[in-house]
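Reader: I am new to this structure. Please take a close look at the nonpolar core and then place it among the other parts.

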Amino acid sequence: DTMRRVVRQSKFRHVFGQAVKNDQCYDDIRVSRVTWDSSFCAVNPRFVAIIVDASGGGAFLVLPLHKTGRIDKSYPTVCGHTGPVLDIDWCPHNDQVIASGSEDCTVMVWQIPENGLTLSLTEPVVVLEGHSKRVGIVAWHPTARNVLLSAGCDNAIIIWNVGTGEALINLDDMHVDMIYNVSWNRNGSLICTASKDKKVRVIDPRKQEIVAEKEKTHEGARPMRAIFLADGNIFTTGFSRMSERQLALWNPKNMEEPIALHEMDTSNGVLLPFYDPDTNIIYLCGKGDSSIRYFEITDESPYVHYLNTFSSKEPQRGMGFMPKRGLDVNKCEIARFFKLHERKCEPIIMTVPRKSDLFQDDLYPDTAGPEAALEAEEWFEGKNADPLLISLKHGYIPGKNRDLKVVKKNILDNKPAGNKKSDLINAPKKAADASNSQNDAKLDEILKELKSIKDTISNQDERIAKLEQQMAKIAD
């Protein structure tokens, strides 16, 4: 016992949270009043997107990060849904592509212009139709390009190939009750879900199998959350039978007992977990709370170590969490939140104060970059790949994003998206066909372009010859 350190050593014991000054907030935003437990906000190194109140439909704002201050009422929105938007998620492999799920039962994928919106956007790149009730969850695959998951109040999870606009996997018989949230694991080979039946399930989506499940993960009746950690364990938040908020850590290989279970407080806001795999810190933002608590996960008891709480006066309606590559490494910033109030969005910056100005490589291990490790077809065929990592030593410089192209196949050849095992066996074949037809389309495009360039050159050649003749005449 004397060997145990009285105070656990951790470089994150002194994480320091601070809200930015007023002029760096986004003001006069009518944040959505929909009663739905999503975070209502999504951010990436270029944009902040916020679900807003919209009459006669659903809309969200997309603001370039630098567009702070008062946002004009007439500022353009993304407004193609006919019902309120419930969830939004930026594509991890393209900072100009965002997906939205709505009460109108559809998922839409949007391409945002490089410098933000100058006009309202009503035309999505693709509309994904397959749910029979409202779609409350959208989540991009972490490592495969153009793979998107959606979950609806029809208790179904659909995984789409956005590049072809098709539903390739439909898990519609695994959940008997409402799905509260879905989380991909680090390489996107598994998902875990928390559901109203108090179960947490670990699912292999391509085999359409439940790999592990835990009944009564938290005994209370209020909503739970479950997310995968980098090491494959699962972190959950929920409520005890006495309505106390709890957090727990589970090993999916043995879900009998939690690795750790902590009681927190009695408050009825759902705890939204935001996880940073590089530092192994989990930030818990309760809806309606005015604080953010953070914990470090380690492999020594008690496994979930409380670090600190950032407190403010105003309760939060929602929260956005910046990916690591969007942070300022020169300021030792390890997390940035975008907290939604009733009428504004306020960035909150978490730093680890250091005396040195040098790059702190212990705070910034290589992190997931914006390149996809796999194409959609490869993933549907059964391949897995970890995220492609980048160094943040010189900060992250956003590259050029390629436009999202959707190559729809002939609808007449298209059977309705199946959800049976036999269809899944055909999925790789479908995916291969899709990739062939995409390749053919690309080839045609290149040949056309080549021909037009050749034509231009021969026209110019003729023109040059004529001009030379005229010059010769004048010279004579």
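Author: The answer starts with the core and then moves outward to other parts of the chain.

The model is predicted, so local features are described only at pLDDT of at least 70 and side-chain atom pairs only at pLDDT 80 or more, while totals for chains, interfaces and linings use all residues. Residues are numbered from 1 along each chain as its sequence is written, and side-chain values use heavy atoms, with hydrogens and water left out.

A nonpolar core here is a set of buried Ala, Val, Leu, Ile, Met, Phe, Trp, Tyr and Cys residues joined through side-chain atoms within 4.5 Å. Buried means under 20% relative accessible area, exposed means over 50%, and partly exposed lies in between (1.4 Å probe, protein chains only). The largest core has 40 residues, and those that touch the most other members are Ile-29, Val-48, Ile-50, Phe-60, Ile-112 and Phe-338. At least two residues of this core come from each of β3 (41-43), β4 (47-52), β5 (58-64), β8 (85-90), β10 (106-111) and β29 (333-340). Strand β4 gives the largest share, six residues. Strands (E, at least two residues) and helices (H or I, at least four) are DSSP runs numbered from the N terminus.

Ile-50 shows how the core is put together. Leaving aside residues up to four places away in sequence, Ile-50 touches Ile-29, Val-31, Phe-40, Cys-41, Phe-60, Leu-61, Ile-88, Leu-340 and Cys-345; contact means heavy atoms within 4.5 Å. There is also a second, separate core of 25 residues, with Phe-12, Leu-272, Phe-274 and Tyr-294 among them.

One contact of Ile-50 is Phe-40, which sits in the loop between β2 and β3. Phe-40 counts as buried because its relative accessibility is 2%. Its phi is near 65°, a positive value in a residue other than glycine. Tyr-303, also not a glycine, has a positive phi of about 70°. Tyr-303 belongs to the loop between β26 and β27, and with 27% relative accessibility it counts as partly exposed. Pro-302 is found in the loop between β26 (291-297) and β27 (304-311), and the peptide bond leading to it from Ser-301 is cis, with omega near 0°.

Another contact of Ile-50 is Cys-345, and Cys-345 is also touched by Cys-25. The other contacts of Cys-25, again without residues up to four places away in sequence, are Val-20, Thr-68, Gly-69, Lys-344, Glu-346 and Pro-347. Cys-25 lies in the loop between β1 (16-19) and β2 (26-27) and is buried, since its relative accessibility is 0%.

Charged pairs come next. A salt bridge is a side-chain nitrogen of Lys or Arg within 4 Å of a carboxyl oxygen of Asp or Glu, and the structure holds 23 of them. Asp-28, Arg-70, Lys-73 and Arg-343 are joined in a network of such bridges.

Glu-375 and Arg-145 meet through their side chains at 3.1 Å, N to O. This pair links distant parts of the chain, 230 residues apart: Glu-375 is in the loop between β31 (367-368) and α1 (376-380), and Arg-145 is in the loop between β12 and β13 (147-152). Glu-375 is partly exposed because its relative accessibility is 32%, whereas Arg-145, at 14%, is buried.

In the bridge between Glu-213 and Arg-201, the closest N and O atoms are 3.7 Å apart. Glu-213 is in strand β19 and Arg-201 in strand β18 (residues 200-204), 12 residues apart. At 37% relative accessibility Glu-213 counts as partly exposed, while Arg-201 is buried at 3%. Strand β19 (residues 209-214) also holds Lys-214, which is buried with a relative accessible area of 18%. Beyond residues up to four places away in sequence, Lys-214 touches Lys-198, Lys-199, Val-200, Trp-250, Met-255 and Glu-256.

The last part is a helix. UniProt, in an unreviewed entry, places a "coiled-coil region" at residues 443-470; such positions follow the numbering used here, feature names are shortened, and annotations may be inferred rather than shown by experiment. The span is 100% helix and 0% strand, and its end C-alpha atoms lie 41 Å apart. Ile-446 lies in helix α2 (residues 421-475).
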